[in-house]
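Open the model in your viewer and keep the sequence panel beside it, since this tour moves from one selection to the next. At each stop, make the selection first and then read what is there.

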Amino acid sequence: MTRLLIIGSLSGELGHAARIACARGAQLTQVEGVTAGLERLRGAGADLILADAAHDLPWLLERLAEERIATPLIACGRNADADAVLRAIRAGAREFLPLPPEAELIAAMLEAVTAAHDAPVCRDPVMRALLARAEQLARAEASVLITGESGTGKEVLARHIHTASRRARGPFVALNCAALPEALLESELFGHERGAFSGAVAARKGKFEQAERGTLLLDEIGEMELRLQSKLLRAIQEREVDKLGGTQPVKVDVRILAATNRDLQAEVRAGRFREDLYFRLNVVQLRIPPLRERSEDILPLAEHFAERYATANGLPARRLAPAAAARLMAHPWPGNVRELENALHRAVLLASGHEIGTDAIELGGGPEASPESLAIGPAAAPAPLHPPAAHPIAALVGRRMEEVERELILETLGRCLGNRTRAAEILGISIRTLRNKLAEYRGQGVNVPLAPGQLPDSWRVA
C-alpha cells in the first residue's frame, strides 16, 4: 500500500483527507510539523506527502532537494490559503489539494504515485498458469525478474508475490529506476550519511533499508546507469549497502524483485547492462503476456474496472452492454491493461441508463481487430500504431528535421495514452531522452499529452 505521510493536524479537513486516503488503501503516518516530517522521511521514508499549507513548506521542500529525498509533496489548503499554496508550488510541491477534499482527486493523486494495489484479475489459462507459478516462487527467497510490455501489470504481479511470501508482514517498497537522475537514484537506493554531499545535514535511509525484512521492487531496471548497476550488484551479492559518505557497510535483509519492458539480454549484448547483474536478477523470470495474447482476460478486467470506478465516483454499477463488450474484445489494446483501465474509467463517467453502451467506449491506439484476428498466438507481432500513408516520405519533404521529430514523438505519445515508457520503447530511445524532449516542447508552449494519472494544469495553482 502507498506509504502516506501527513504533515499537519488530523482534527480538521486534512484529517478528512487522511481518512479518504486510508479508505483507498494508503498506510498512514502523521506528524505535526515540517521538522518532524523531515526526520520521518530520513528514516522510514514515504511514497507521498500531504502537507498543510499553513506550515513552512518551502523550507521543507528546500531541505528535501538538498538531501536528495525525492518524495513528492502535495500542498493542502483552502482558497484563502492561496498565497501559501502558491509559494509551495513555486518551491517544488507536486500538486495542490483543495480543502475540503474530494475523494476522486485524492484517488487520482494516489494512483499517480503508485499503481492500484488490486490482486491480479484473470481468467485466461496462460495467466492462471503464470499466477500459479508466481505463488509457488513467492515462498522462496530467490530474486525474480518480471518482464512484459508497458501496462501489462508488472507491479501488480510483484505485489502479489510479496503478499503470498513469508515477507508479507514486512514492507513492500517500489522504486522506478527511470524516474530519477543518477545522483538522486543512488541516494534513494542506498541512503547517505551526514556530510556525504552539500546539503546532507543528517543521515538518511535508502530504499534498501526501508524495505528491511520485506520486498524491494526495482521497476524499469533496464534504465539504470552502468555505474549504479555495479553498486547494486554488490548490494545483492553481499546483502549489504554502502551509503553515500558511509565508512562501513550496512547489513540488509531484503528480497529483490525487478521489472523491465526491455530485452535485457539484448541490453547485455549492447554493453548497456551488466551480464553478472542480469544473472543475479534473473534467477527466475516471469513474463506477463500482453493483453492481446490473453483475450479471455479482457471482459473480467473490464467488469472489475467498471465496478471499481463506479464505486470511486459514487455512481451506480452498470454492466457492459453486449455491443460494448464485443467492441472491447475487438480492440488490439496496444496500451495493454493500463489502456483498458483508462477506457473503462472514461466509460463509467460517460455512461447513462442501466448499461455501459458503445457510445461510452472511447478507444484509440490503432485499428480494431476483426473477430477472426482475436486468437493471437505468442509469436504474433503487435498491431501497428496506424496504417501507412500512401506516400509517407513525400509528405515530409520541405519540413525541418526537428519539426518532424517533434510531431513523431507527440503522435506516438498520444497513441500510447501518454505512457512515457511505452512511447520510448516504440521510438527506440531512452525514457530520459524522451522526458528531456517533452520538457523542451513544454518550454516552447507545445501541448504535451498527460501521463497516466497525471493531473491536468487546470487543477494546479496558477
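Begin by selecting Leu315, which sits in the loop between helix H13 (298-312) and strand S13 (319-320). This is a predicted model, and in it Leu315 has 32% relative accessibility, so the residue counts as partly exposed. Now add Leu349 and Leu350 to the selection and switch on a surface display, because together with Leu315 they make a nonpolar surface patch of about 250 Å².

Before the next stop, zoom out until the whole protein fills the window. The protein contains 18 helices and 14 strands, and 48% of its 462 residues are buried. With the surface still displayed, you are looking at an exposed area of about 21,400 Å², of which carbon and sulfur atoms supply 52%. If you count the contacts with a separation of 6 or more, residues 24 or more positions apart account for 72% of them.

Next, select Leu216 in strand S8 (residues 214-219). Is Leu216 buried or exposed? Its relative accessibility is 0%, so Leu216 counts as buried. Show the residues around Leu216, leaving out those up to four places away in sequence, and you will find that it touches Val173, Leu189, Lys207, Phe208, Ala211, Val254, Arg255, Ile256 and Leu257. Then draw a distance between the C-alpha atoms of Leu216 and Leu175, which are 41 residues apart along the chain and yet are separated by 7.7 Å in the model.

From there, go to Glu188 in helix H8. Glu188 has a charged side chain, but with 3% relative accessibility it counts as buried. Among the residues that Glu188 touches, not counting those up to four places away in sequence, are Arg68, Leu175, Arg204 and Lys207.

Stay with helix H8 and select Glu182, then add Arg227, and display the atoms of both side chains. Glu182 forms a salt bridge with Arg227, and the closest N and O atoms are 2.8 Å apart. Glu182 lies in helix H8 (residues 182-190) whereas Arg227 lies in helix H10 (residues 226-238), so this pair ties together parts that are 45 residues apart in sequence. Both partners count as partly exposed, Glu182 because its relative accessibility is 27% and Arg227 because its value is 45%.

That pair belongs to a longer list, as the structure holds 30 salt bridges. Select Glu267 and Arg262, whose side chains meet in a salt bridge at 3.7 Å, N to O. Here the two partners fall into separate classes, since Glu267 at 7% relative accessibility counts as buried, while Arg262 at 25% counts as partly exposed. Move on to Asp276 and Arg274, where the salt bridge has an N to O distance of 2.6 Å. In this pair Asp276 counts as partly exposed because its relative accessibility is 33%, and Arg274 counts as partly exposed as well, at 28%. For a last view of this kind, select Glu141, Arg166, Arg167, Arg239 and Asp253 together, as these residues are linked in a network of salt bridges.

Now turn to Asp124, which you will find in the loop between helix H5 (103-113) and helix H6 (125-138). Which side chain of opposite charge is nearest to Asp124, and how far away is it? The answer is Arg294, at 6.9 Å, and Asp124 is buried yet has no salt bridge. That distance does not qualify because a salt bridge needs the nitrogen and the oxygen to be within 4 Å. Look instead toward Val126, whose backbone nitrogen is reached by the side chain of Asp124 at 2.9 Å. Leaving out residues up to four places away in sequence, Asp124 touches Glu293, Arg294, Ser295, Glu296 and Asp297.

For the final stop, select helix H17 (residues 420-427) and pick out its buried residues, which are Arg420, Thr421, Arg422, Ala423 and Ala424. Add helix H16 (401-415) and helix H18 (431-443) to the view, and you will see the two helices against which the buried residues of H17 pack. Finally, step along the chain to Gly428, which comes just after H17 and takes a positive phi of about 75°.

Conventions
Residues are numbered from 1 along each chain as its sequence is written. This is a predicted model: local features need pLDDT of at least 70, side-chain atom pairs count only at pLDDT 80 or more; totals for chains, interfaces and linings use all residues. Side-chain values use heavy atoms; hydrogens and water are left out. Helices (H or I, at least four residues) and strands (E, at least two) are DSSP runs, numbered from the N terminus. Buried means under 20% relative accessible area, exposed over 50%, partly exposed in between (1.4 Å probe, protein chains only). Patches are made of residues with over 30% relative accessible area and no salt bridge: like charges are joined within 9 Å, nonpolar side chains (Val, Leu, Ile, Met, Phe, Trp, Tyr) within 5 Å. Accessible areas come from the Shrake-Rupley method with a 1.4 Å probe; for residues, only the protein chains shown count as cover. A polar contact is a pair of N or O atoms within 3.5 Å; within protein, one must be able to donate a hydrogen and the other to accept it, and residues adjacent in sequence count only if both atoms are side-chain atoms. Contact means heavy atoms within 4.5 Å.
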